[in-house]
Protein chains: 2
Amino acid sequence: MAGDMFLYWGSGSIPCWKPMIVLEEKGFGGYKNKLISFSNKEHKGEDVLKLNPRGQMPTFKDGDIVVNESNAICDYLESTYKDKGTQLIPSDKAQRARALQRMHEANNNLQQKLMLDLLYYFFQTKEEDRKEEEIKKKAEDAREEMNRWEGYLGETKAFLAGSDFTMADAWFFPYLAFAVRMGMEIEKYPNLKAYYDRVCARPSIKASWPPHWKDEPAKNVPLKGLV
Amino acid sequence: MAGDMFLYWGSGSIPCWKPMIVLEEKGFGGYKNKLISFSNKEHKGEDVLKLNPRGQMPTFKDGDIVVNESNAICDYLESTYKDKGTQLIPSDKAQRARALQRMHEANNNLQQKLMLDLLYYFFQTKEEDRKEEEIKKKAEDAREEMNRWEGYLGETKAFLAGSDFTMADAWFFPYLAFAVRMGMEIEKYPNLKAYYDRVCARPSIKASWPPHWKDEPAKNVPLKGLV
(Lines give C-alpha, C1' and ligand atoms only; values in the text may rest on other atoms or scores of the structure.)
Protein backbone atom coordinates (compact mmCIF):
# COMPACT_ATOMS: atom_id res chain seq x y z
CA MET A 1 0.00 0.00 0.00
CA ALA A 2 2.62 2.53 1.05
CA GLY A 3 4.52 1.34 -2.05
CA ASP A 4 1.72 2.61 -4.30
CA MET A 5 1.60 6.01 -2.66
CA PHE A 6 3.45 9.13 -3.72
CA LEU A 7 3.43 12.56 -2.11
CA TYR A 8 4.81 15.81 -3.44
CA TRP A 9 5.29 18.20 -0.53
CA GLY A 10 6.96 21.37 0.67
CA SER A 11 8.86 21.75 3.94
CA GLY A 12 7.01 23.75 6.60
CA SER A 13 3.75 23.93 4.63
CA ILE A 14 0.83 23.29 6.99
CA PRO A 15 -1.39 21.81 4.21
CA CYS A 16 1.43 19.32 3.52
CA TRP A 17 2.19 18.51 7.12
CA LYS A 18 -1.39 17.47 7.98
CA PRO A 19 -1.58 14.49 5.55
CA MET A 20 2.06 13.62 6.36
CA ILE A 21 1.09 13.17 10.01
CA VAL A 22 -1.89 11.08 8.90
CA LEU A 23 0.29 8.93 6.62
CA GLU A 24 2.59 8.18 9.56
CA GLU A 25 -0.25 7.54 12.01
CA LYS A 26 -1.92 5.16 9.55
CA GLY A 27 1.28 3.17 9.28
CA PHE A 28 2.39 4.27 5.81
CA GLY A 29 5.78 5.60 6.91
CA GLY A 30 8.32 5.16 4.13
CA TYR A 31 5.90 6.13 1.32
CA LYS A 32 7.55 7.48 -1.81
CA ASN A 33 7.75 11.25 -1.93
CA LYS A 34 9.44 14.26 -3.41
CA LEU A 35 10.31 17.34 -1.40
CA ILE A 36 9.75 20.23 -3.77
CA SER A 37 11.29 23.69 -3.64
CA PHE A 38 8.72 26.50 -3.78
CA SER A 39 11.44 29.04 -4.58
CA ASN A 40 12.45 27.01 -7.64
CA LYS A 41 8.74 26.82 -8.58
CA GLU A 42 8.88 23.03 -8.61
CA HIS A 43 5.18 22.95 -7.62
CA LYS A 44 4.52 24.27 -11.14
CA GLY A 45 6.68 21.53 -12.70
CA GLU A 46 5.33 19.22 -15.39
CA ASP A 47 5.28 16.12 -13.14
CA VAL A 48 3.14 17.94 -10.57
CA LEU A 49 0.82 19.65 -13.08
CA LYS A 50 0.02 16.29 -14.67
CA LEU A 51 -1.52 15.17 -11.36
CA ASN A 52 -2.57 18.55 -10.02
CA PRO A 53 -3.47 21.16 -12.66
CA ARG A 54 -3.64 23.82 -9.93
CA GLY A 55 0.06 23.29 -9.23
CA GLN A 56 -0.44 23.36 -5.47
CA MET A 57 1.13 21.39 -2.67
CA PRO A 58 0.44 18.75 -1.47
CA THR A 59 -0.14 16.51 -4.49
CA PHE A 60 -0.86 12.89 -3.65
CA LYS A 61 -1.59 9.64 -5.35
CA ASP A 62 -2.49 6.20 -4.11
CA GLY A 63 -2.15 3.87 -7.08
CA ASP A 64 -4.35 5.41 -9.77
CA ILE A 65 -6.26 7.59 -7.36
CA VAL A 66 -5.20 11.22 -7.17
CA VAL A 67 -6.23 13.45 -4.25
CA ASN A 68 -4.63 16.83 -3.79
CA GLU A 69 -6.53 18.90 -1.28
CA SER A 70 -4.85 18.56 2.12
CA ASN A 71 -8.04 17.86 4.08
CA ALA A 72 -9.34 15.52 1.37
CA ILE A 73 -6.15 13.42 1.52
CA CYS A 74 -6.56 13.11 5.29
CA ASP A 75 -10.21 12.04 5.00
CA TYR A 76 -9.43 9.70 2.09
CA LEU A 77 -6.67 7.92 4.04
CA GLU A 78 -8.78 7.50 7.16
CA SER A 79 -11.89 6.28 5.34
CA THR A 80 -9.99 3.96 2.97
CA TYR A 81 -7.67 2.47 5.61
CA LYS A 82 -9.93 2.69 8.64
CA ASP A 83 -8.56 -0.45 10.30
CA LYS A 84 -4.90 0.33 9.74
CA GLY A 85 -2.74 2.17 12.29
CA THR A 86 -4.31 4.83 14.50
CA GLN A 87 -8.09 5.27 14.19
CA LEU A 88 -8.34 9.01 13.57
CA ILE A 89 -12.11 9.47 13.38
CA PRO A 90 -13.70 8.01 16.53
CA SER A 91 -16.52 5.44 16.28
CA ASP A 92 -18.39 6.87 19.25
CA LYS A 93 -20.70 9.57 17.92
CA ALA A 94 -20.13 12.12 20.69
CA GLN A 95 -16.35 11.79 20.37
CA ARG A 96 -16.62 11.88 16.61
CA ALA A 97 -18.72 15.06 16.80
CA ARG A 98 -16.04 16.64 18.99
CA ALA A 99 -13.22 15.56 16.67
CA LEU A 100 -15.05 16.91 13.59
CA GLN A 101 -15.89 20.16 15.34
CA ARG A 102 -12.26 20.76 16.38
CA MET A 103 -10.91 19.77 12.94
CA HIS A 104 -12.98 22.38 11.20
CA GLU A 105 -12.56 24.98 13.93
CA ALA A 106 -8.78 24.68 13.46
CA ASN A 107 -9.16 24.88 9.71
CA ASN A 108 -11.44 27.91 9.86
CA ASN A 109 -11.23 29.98 13.00
CA LEU A 110 -7.67 29.27 14.10
CA GLN A 111 -6.28 29.54 10.58
CA GLN A 112 -8.11 32.86 10.20
CA LYS A 113 -7.08 34.49 13.47
CA LEU A 114 -3.52 33.21 13.71
CA MET A 115 -2.39 32.91 10.11
CA LEU A 116 -4.49 35.03 7.76
CA ASP A 117 -5.19 37.95 10.09
CA LEU A 118 -2.05 38.17 12.21
CA LEU A 119 0.95 36.36 10.67
CA TYR A 120 0.13 37.27 7.06
CA TYR A 121 -0.07 40.89 8.17
CA PHE A 122 3.61 40.64 9.13
CA PHE A 123 4.49 38.67 6.00
CA GLN A 124 2.65 40.94 3.58
CA THR A 125 2.89 44.41 5.06
CA LYS A 126 6.20 46.25 4.95
CA GLU A 127 7.52 47.14 8.37
CA GLU A 128 7.10 50.89 7.79
CA ASP A 129 3.44 50.43 6.75
CA ARG A 130 2.36 48.36 9.77
CA LYS A 131 0.01 50.07 12.19
CA GLU A 132 0.53 49.54 15.91
CA GLU A 133 -3.20 49.61 16.53
CA GLU A 134 -3.95 46.94 13.92
CA ILE A 135 -1.25 44.67 15.31
CA LYS A 136 -2.65 45.14 18.81
CA LYS A 137 -6.19 44.21 17.75
CA LYS A 138 -5.10 41.21 15.66
CA ALA A 139 -2.83 39.93 18.44
CA GLU A 140 -5.66 40.26 20.95
CA ASP A 141 -7.90 38.15 18.70
CA ALA A 142 -5.16 35.55 18.23
CA ARG A 143 -4.62 35.34 22.01
CA GLU A 144 -8.36 34.94 22.53
CA GLU A 145 -8.30 32.13 19.98
CA MET A 146 -5.36 30.42 21.67
CA ASN A 147 -7.14 30.71 25.00
CA ARG A 148 -10.15 28.88 23.54
CA TRP A 149 -7.90 25.96 22.64
CA GLU A 150 -6.25 26.18 26.05
CA GLY A 151 -9.77 25.78 27.48
CA TYR A 152 -10.65 22.85 25.21
CA LEU A 153 -7.57 20.99 26.43
CA GLY A 154 -8.54 21.77 30.01
CA GLU A 155 -11.71 19.73 29.40
CA THR A 156 -10.28 16.79 27.46
CA LYS A 157 -6.79 16.68 29.04
CA ALA A 158 -4.68 14.48 26.73
CA PHE A 159 -5.81 15.29 23.17
CA LEU A 160 -8.39 17.52 21.52
CA ALA A 161 -11.21 14.98 21.24
CA GLY A 162 -10.41 13.04 24.43
CA SER A 163 -7.85 10.51 25.60
CA ASP A 164 -6.77 9.46 22.09
CA PHE A 165 -4.96 11.23 19.28
CA THR A 166 -7.45 11.92 16.43
CA MET A 167 -7.69 13.80 13.17
CA ALA A 168 -8.43 16.92 15.24
CA ASP A 169 -4.85 16.79 16.52
CA ALA A 170 -3.44 16.16 13.04
CA TRP A 171 -5.26 19.28 11.82
CA PHE A 172 -4.55 21.50 14.84
CA PHE A 173 -0.99 20.67 15.82
CA PRO A 174 0.78 22.07 12.72
CA TYR A 175 -0.74 25.51 13.43
CA LEU A 176 0.41 25.34 17.04
CA ALA A 177 3.92 24.25 16.05
CA PHE A 178 4.11 27.04 13.46
CA ALA A 179 2.99 29.56 16.09
CA VAL A 180 5.70 28.34 18.45
CA ARG A 181 8.30 28.68 15.67
CA MET A 182 7.02 32.20 15.04
CA GLY A 183 7.67 33.17 18.67
CA MET A 184 4.42 32.26 20.48
CA GLU A 185 5.17 32.16 24.20
CA ILE A 186 3.61 28.78 24.81
CA GLU A 187 4.67 28.70 28.48
CA LYS A 188 1.85 31.21 29.09
CA TYR A 189 -0.67 28.48 28.14
CA PRO A 190 -0.01 25.52 30.45
CA ASN A 191 -2.47 23.11 28.80
CA LEU A 192 -1.17 23.92 25.33
CA LYS A 193 2.42 23.56 26.56
CA ALA A 194 1.77 20.08 28.01
CA TYR A 195 -0.13 19.15 24.83
CA TYR A 196 2.67 20.44 22.61
CA ASP A 197 5.25 18.31 24.44
CA ARG A 198 2.92 15.29 24.36
CA VAL A 199 2.30 15.55 20.62
CA CYS A 200 5.96 16.33 19.82
CA ALA A 201 6.88 13.01 21.41
CA ARG A 202 4.79 11.01 18.92
CA PRO A 203 6.75 9.11 16.27
CA SER A 204 4.42 10.49 13.55
CA ILE A 205 5.42 14.04 14.44
CA LYS A 206 9.12 13.29 14.71
CA ALA A 207 9.05 11.55 11.31
CA SER A 208 7.20 14.42 9.60
CA TRP A 209 8.83 17.44 11.31
CA PRO A 210 9.69 20.04 8.62
CA PRO A 211 13.34 19.35 7.75
CA HIS A 212 14.36 22.98 7.36
CA TRP A 213 13.00 23.73 10.83
CA LYS A 214 15.52 21.28 12.24
CA ASP A 215 18.38 22.96 10.43
CA GLU A 216 17.67 26.62 10.98
CA PRO A 217 15.78 28.75 13.47
CA ALA A 218 13.12 31.15 12.11
CA LYS A 219 14.56 34.40 10.80
CA ASN A 220 11.74 36.37 12.41
CA VAL A 221 9.60 35.69 15.45
CA PRO A 222 6.74 38.18 15.05
CA LEU A 223 4.54 36.51 17.70
CA LYS A 224 7.10 37.13 20.46
CA GLY A 225 5.57 39.33 23.13
CA LEU A 226 2.22 39.29 21.29
CA VAL A 227 0.72 35.79 21.60
CA MET B 1 -34.17 11.65 15.21
CA ALA B 2 -35.22 14.81 13.37
CA GLY B 3 -37.25 15.54 16.52
CA ASP B 4 -34.05 15.73 18.59
CA MET B 5 -32.31 18.05 16.17
CA PHE B 6 -32.23 21.83 16.30
CA LEU B 7 -30.57 24.24 13.88
CA TYR B 8 -30.00 27.97 14.28
CA TRP B 9 -29.40 29.45 10.85
CA GLY B 10 -29.32 32.63 8.78
CA SER B 11 -30.97 33.09 5.38
CA GLY B 12 -28.54 33.14 2.45
CA SER B 13 -25.52 32.10 4.54
CA ILE B 14 -23.50 29.50 2.63
CA PRO B 15 -22.17 27.85 5.82
CA CYS B 16 -25.80 27.41 6.91
CA TRP B 17 -27.10 26.24 3.57
CA LYS B 18 -24.65 23.33 3.25
CA PRO B 19 -25.83 21.38 6.34
CA MET B 20 -29.44 22.33 5.52
CA ILE B 21 -29.09 20.54 2.18
CA VAL B 22 -27.54 17.57 3.99
CA LEU B 23 -30.34 17.48 6.56
CA GLU B 24 -32.91 17.31 3.75
CA GLU B 25 -30.95 14.72 1.73
CA LYS B 26 -30.57 12.52 4.82
CA GLY B 27 -34.33 12.60 5.35
CA PHE B 28 -34.48 14.93 8.35
CA GLY B 29 -36.78 17.48 6.74
CA GLY B 30 -38.98 19.11 9.36
CA TYR B 31 -36.19 19.35 11.97
CA LYS B 32 -36.73 22.08 14.55
CA ASN B 33 -34.96 25.31 13.74
CA LYS B 34 -34.76 29.04 14.32
CA LEU B 35 -34.09 31.52 11.56
CA ILE B 36 -31.96 34.20 13.15
CA SER B 37 -31.52 37.80 12.06
CA PHE B 38 -27.89 38.85 11.68
CA SER B 39 -28.85 42.51 11.64
CA ASN B 40 -30.54 42.13 15.03
CA LYS B 41 -27.39 40.32 16.24
CA GLU B 42 -29.44 37.27 17.20
CA HIS B 43 -26.40 35.08 16.53
CA LYS B 44 -24.90 36.68 19.62
CA GLY B 45 -28.04 35.93 21.67
CA GLU B 46 -27.88 34.01 24.94
CA ASP B 47 -29.57 30.88 23.53
CA VAL B 48 -26.99 30.64 20.74
CA LEU B 49 -23.96 31.48 22.91
CA LYS B 50 -24.90 28.70 25.35
CA LEU B 51 -24.37 26.17 22.52
CA ASN B 52 -21.83 28.09 20.47
CA PRO B 53 -19.54 30.41 22.43
CA ARG B 54 -18.22 31.84 19.15
CA GLY B 55 -21.71 33.15 18.34
CA GLN B 56 -21.51 32.00 14.74
CA MET B 57 -24.06 30.49 12.40
CA PRO B 58 -24.91 27.67 11.94
CA THR B 59 -25.34 26.28 15.45
CA PHE B 60 -26.65 22.73 15.58
CA LYS B 61 -27.56 20.09 18.08
CA ASP B 62 -28.63 16.48 17.80
CA GLY B 63 -29.90 15.48 21.22
CA ASP B 64 -27.04 16.29 23.61
CA ILE B 65 -24.46 16.52 20.86
CA VAL B 66 -23.52 20.00 19.70
CA VAL B 67 -21.70 20.57 16.40
CA ASN B 68 -21.37 24.07 15.01
CA GLU B 69 -18.86 24.18 12.20
CA SER B 70 -20.71 23.91 8.88
CA ASN B 71 -18.47 21.22 7.38
CA ALA B 72 -18.35 19.31 10.66
CA ILE B 73 -22.17 19.17 10.82
CA CYS B 74 -22.25 17.76 7.28
CA ASP B 75 -19.65 15.10 8.08
CA TYR B 76 -21.31 14.29 11.41
CA LEU B 77 -24.72 13.75 9.78
CA GLU B 78 -23.33 11.55 7.02
CA SER B 79 -21.16 9.41 9.30
CA THR B 80 -23.81 9.06 12.02
CA TYR B 81 -26.75 8.36 9.70
CA LYS B 82 -24.91 6.64 6.87
CA ASP B 83 -27.81 4.34 5.94
CA LYS B 84 -30.49 7.01 6.04
CA GLY B 85 -31.59 8.99 2.96
CA THR B 86 -29.04 9.81 0.27
CA GLN B 87 -25.57 8.33 0.73
CA LEU B 88 -23.40 11.43 0.44
CA ILE B 89 -19.90 9.93 0.77
CA PRO B 90 -19.51 7.14 -1.83
CA SER B 91 -18.39 3.65 -0.75
CA ASP B 92 -16.26 3.13 -3.85
CA LYS B 93 -12.81 4.51 -3.07
CA ALA B 94 -12.19 6.23 -6.41
CA GLN B 95 -15.57 7.96 -6.29
CA ARG B 96 -15.04 8.82 -2.64
CA ALA B 97 -11.64 10.31 -3.48
CA ARG B 98 -13.27 12.45 -6.16
CA ALA B 99 -16.07 13.58 -3.86
CA LEU B 100 -13.61 14.51 -1.09
CA GLN B 101 -11.35 16.33 -3.52
CA ARG B 102 -14.22 18.42 -4.92
CA MET B 103 -15.65 19.15 -1.45
CA HIS B 104 -12.41 20.67 -0.27
CA GLU B 105 -11.65 22.36 -3.59
CA ALA B 106 -15.00 24.15 -3.32
CA ASN B 107 -14.31 25.04 0.29
CA ASN B 108 -10.81 26.35 -0.44
CA ASN B 109 -10.17 27.38 -4.02
CA LEU B 110 -13.65 28.34 -5.14
CA GLN B 111 -14.46 30.15 -1.91
CA GLN B 112 -11.16 32.03 -2.22
CA LYS B 113 -11.45 33.09 -5.86
CA LEU B 114 -15.17 33.79 -6.02
CA MET B 115 -16.05 35.03 -2.56
CA LEU B 116 -13.01 36.27 -0.66
CA ASP B 117 -11.08 37.75 -3.58
CA LEU B 118 -13.81 39.02 -5.89
CA LEU B 119 -17.19 39.43 -4.19
CA TYR B 120 -15.78 40.65 -0.88
CA TYR B 121 -13.84 43.27 -2.80
CA PHE B 122 -17.18 44.69 -3.92
CA PHE B 123 -18.74 44.28 -0.47
CA GLN B 124 -15.83 45.82 1.44
CA THR B 125 -14.36 48.44 -0.87
CA LYS B 126 -16.23 51.69 -1.43
CA GLU B 127 -17.16 52.25 -5.05
CA GLU B 128 -14.85 55.24 -5.39
CA ASP B 129 -11.87 53.25 -4.03
CA ARG B 130 -12.23 50.27 -6.36
CA LYS B 131 -9.49 49.86 -8.95
CA GLU B 132 -10.47 48.78 -12.47
CA GLU B 133 -7.28 46.77 -12.83
CA GLU B 134 -7.81 44.85 -9.60
CA ILE B 135 -11.38 44.00 -10.57
CA LYS B 136 -10.18 42.80 -13.97
CA LYS B 137 -7.55 40.49 -12.46
CA LYS B 138 -9.87 39.10 -9.79
CA ALA B 139 -12.66 38.51 -12.33
CA GLU B 140 -10.23 36.71 -14.63
CA ASP B 141 -9.23 34.39 -11.78
CA ALA B 142 -12.88 33.77 -10.88
CA ARG B 143 -13.70 32.94 -14.51
CA GLU B 144 -10.75 30.57 -14.66
CA GLU B 145 -12.05 28.91 -11.50
CA MET B 146 -15.56 28.59 -12.92
CA ASN B 147 -14.11 27.08 -16.08
CA ARG B 148 -12.39 24.41 -14.00
CA TRP B 149 -15.74 23.37 -12.56
CA GLU B 150 -17.27 23.55 -16.03
CA GLY B 151 -14.57 21.07 -17.07
CA TYR B 152 -15.14 18.78 -14.09
CA LEU B 153 -18.81 18.51 -15.03
CA GLY B 154 -17.83 17.78 -18.62
CA GLU B 155 -16.13 14.63 -17.31
CA THR B 156 -18.71 13.42 -14.81
CA LYS B 157 -21.87 14.71 -16.53
CA ALA B 158 -24.63 14.56 -13.90
CA PHE B 159 -23.01 15.52 -10.59
CA LEU B 160 -19.54 16.44 -9.35
CA ALA B 161 -18.42 12.97 -8.26
CA GLY B 162 -20.32 11.00 -10.91
CA SER B 163 -23.87 9.96 -11.59
CA ASP B 164 -25.09 10.50 -8.03
CA PHE B 165 -25.55 13.57 -5.88
CA THR B 166 -22.87 13.57 -3.14
CA MET B 167 -21.46 15.81 -0.42
CA ALA B 168 -19.39 17.49 -3.15
CA ASP B 169 -22.62 18.90 -4.59
CA ALA B 170 -23.90 19.95 -1.18
CA TRP B 171 -20.67 21.90 -0.64
CA PHE B 172 -20.35 23.34 -4.15
CA PHE B 173 -23.89 24.23 -5.15
CA PRO B 174 -24.47 27.05 -2.62
CA TYR B 175 -21.47 28.93 -4.06
CA LEU B 176 -22.78 28.49 -7.57
CA ALA B 177 -26.28 29.63 -6.60
CA PHE B 178 -24.84 32.65 -4.80
CA ALA B 179 -22.77 33.51 -7.88
CA VAL B 180 -25.90 33.31 -10.05
CA ARG B 181 -27.74 35.58 -7.64
CA MET B 182 -24.82 38.02 -7.81
CA GLY B 183 -25.12 38.25 -11.59
CA MET B 184 -22.94 35.39 -12.91
CA GLU B 185 -23.87 34.76 -16.53
CA ILE B 186 -24.29 31.03 -16.15
CA GLU B 187 -25.49 30.61 -19.75
CA LYS B 188 -21.85 31.06 -20.77
CA TYR B 189 -21.01 27.77 -19.03
CA PRO B 190 -23.26 25.09 -20.56
CA ASN B 191 -22.29 22.26 -18.19
CA LEU B 192 -22.72 24.46 -15.15
CA LYS B 193 -26.08 25.69 -16.46
CA ALA B 194 -27.40 22.13 -16.96
CA TYR B 195 -26.03 21.19 -13.55
CA TYR B 196 -27.62 24.23 -11.91
CA ASP B 197 -31.02 23.33 -13.31
CA ARG B 198 -30.58 19.68 -12.32
CA VAL B 199 -29.66 20.51 -8.74
CA CYS B 200 -32.33 23.22 -8.42
CA ALA B 201 -34.94 20.55 -9.19
CA ARG B 202 -33.99 18.46 -6.14
CA PRO B 203 -36.45 18.54 -3.24
CA SER B 204 -33.56 19.15 -0.80
CA ILE B 205 -32.68 22.37 -2.61
CA LYS B 206 -36.24 23.59 -2.92
CA ALA B 207 -36.84 22.94 0.78
CA SER B 208 -33.67 24.78 1.85
CA TRP B 209 -33.64 27.70 -0.64
CA PRO B 210 -32.87 30.95 1.24
CA PRO B 211 -36.28 32.45 1.99
CA HIS B 212 -35.29 36.07 1.39
CA TRP B 213 -33.96 35.13 -2.07
CA LYS B 214 -37.49 34.05 -2.98
CA ASP B 215 -38.95 37.33 -1.83
CA GLU B 216 -36.50 39.85 -3.21
CA PRO B 217 -33.97 40.03 -6.05
CA ALA B 218 -30.39 40.98 -5.13
CA LYS B 219 -29.88 44.73 -4.77
CA ASN B 220 -26.56 44.52 -6.60
CA VAL B 221 -25.28 42.11 -9.24
CA PRO B 222 -21.51 42.78 -9.26
CA LEU B 223 -20.67 39.64 -11.27
CA LYS B 224 -22.74 40.76 -14.26
CA GLY B 225 -20.48 41.15 -17.29
CA LEU B 226 -17.51 39.86 -15.26
CA VAL B 227 -18.04 36.12 -14.59
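In the predicted model, the side chains of B:Glu144 and B:Arg148 are joined by a salt bridge with an N to O distance of 3.6 Å. Both residues belong to helix α5 (residues 132-156) of chain B, and because they are 4 residues apart, about one helical turn separates them. An α-helix has 3.6 residues a turn, so residues three or four places apart point the same way. B:Glu144 is partly exposed, because its relative accessibility is 44%.

A pair with the same spacing in sequence, 4 residues, occurs in helix α7 (residues 190-200) of chain B, where B:Asp197 and B:Lys193 are separated by about one helical turn. The salt bridge between B:Asp197 and B:Lys193 has an N to O distance of 2.7 Å. B:Asp197 has a relative accessible area of 40% and is therefore partly exposed; B:Lys193, with 26%, is also partly exposed. A further salt bridge in chain B links B:Glu185 to B:Lys188, with 2.6 Å between the closest N and O atoms. B:Lys188 counts as exposed, because its relative accessibility is 54%, the threshold for this class being over 50%.

Salt bridges also connect residues of both chains. A:Arg54 is linked with B:Arg102, B:Glu105 and B:Glu145 in a network of salt bridges. Over all chains, the count of salt bridges comes to 24.

The nonpolar interior was examined next. The largest nonpolar core contains 151 residues. Those with the most contacts inside this core are A:Leu77, A:Phe173, A:Met184 and A:Leu192 from chain A, together with B:Leu77, B:Met184 and B:Leu192 from chain B. For B:Leu192, the contacts beyond four places in sequence are with B:Met146, B:Trp149, B:Glu150, B:Leu153, B:Phe172, B:Leu176, B:Met184 and B:Ile186. B:Met184 is thus both a contact of B:Leu192 and one of the residues with the most contacts inside the core.

B:Leu77 lies in helix α3 of chain B and is buried there. This helix (residues 70-80) is mostly covered, with 10 of its 11 residues buried. Besides B:Leu77, the buried residues of the helix are B:Ser70, B:Asn71, B:Ala72, B:Ile73, B:Cys74, B:Asp75, B:Tyr76, B:Glu78 and B:Thr80.

In chain A, A:Tyr189 is placed in the loop between α6 (167-181) and α7 (190-200). Its relative accessibility of 4% is under the 20% limit, so A:Tyr189 counts as buried. Neighbours within four places in sequence aside, A:Tyr189 is in contact with A:Arg143, A:Met146, A:Asn147, A:Glu150, A:Met184 and A:Val227. One of these, A:Met146, is 43 residues away along the chain, yet the C-alpha atoms of A:Tyr189 and A:Met146 are separated by 8.2 Å.

A nonpolar patch on the surface is formed by A:Leu116, A:Tyr120 and A:Phe123, which together have about 260 Å² of accessible area. A:Tyr120 is found in helix α4 (residues 93-124) of chain A. With a relative accessibility of 31%, A:Tyr120 counts as partly exposed, and this value satisfies the requirement of over 30% for patch residues.

At the level of domains, chain A is divided into domain 1 (2-80) and domain 2 (93-215). The contact between them takes 16 residues from domain 1 of chain A and 22 residues from domain 2 of chain A. The centres of the two domains, taken over C-alpha atoms, are 22 Å apart.

How values were computed. Residues are numbered from 1 along each chain as its sequence is written. Chains are lettered from A and ligands numbered from 1 in the order in which they are written. This is a predicted model: local features need pLDDT of at least 70, side-chain atom pairs count only at pLDDT 80 or more; totals for chains, interfaces and linings use all residues. Side-chain values use heavy atoms; hydrogens and water are left out. Patches are made of residues with over 30% relative accessible area and no salt bridge: like charges are joined within 9 Å, nonpolar side chains (Val, Leu, Ile, Met, Phe, Trp, Tyr) within 5 Å. Accessible areas come from the Shrake-Rupley method with a 1.4 Å probe; for residues, only the protein chains shown count as cover. A salt bridge is a side-chain nitrogen of Lys or Arg within 4 Å of a carboxyl oxygen of Asp or Glu. Helices (H or I, at least four residues) and strands (E, at least two) are DSSP runs, numbered from the N terminus. Buried means under 20% relative accessible area, exposed over 50%, partly exposed in between (1.4 Å probe, protein chains only). A nonpolar core is a set of buried Ala, Val, Leu, Ile, Met, Phe, Trp, Tyr and Cys residues joined through side-chain atoms within 4.5 Å. Contact means heavy atoms within 4.5 Å. Domain bounds come from an automatic or database domain assignment.
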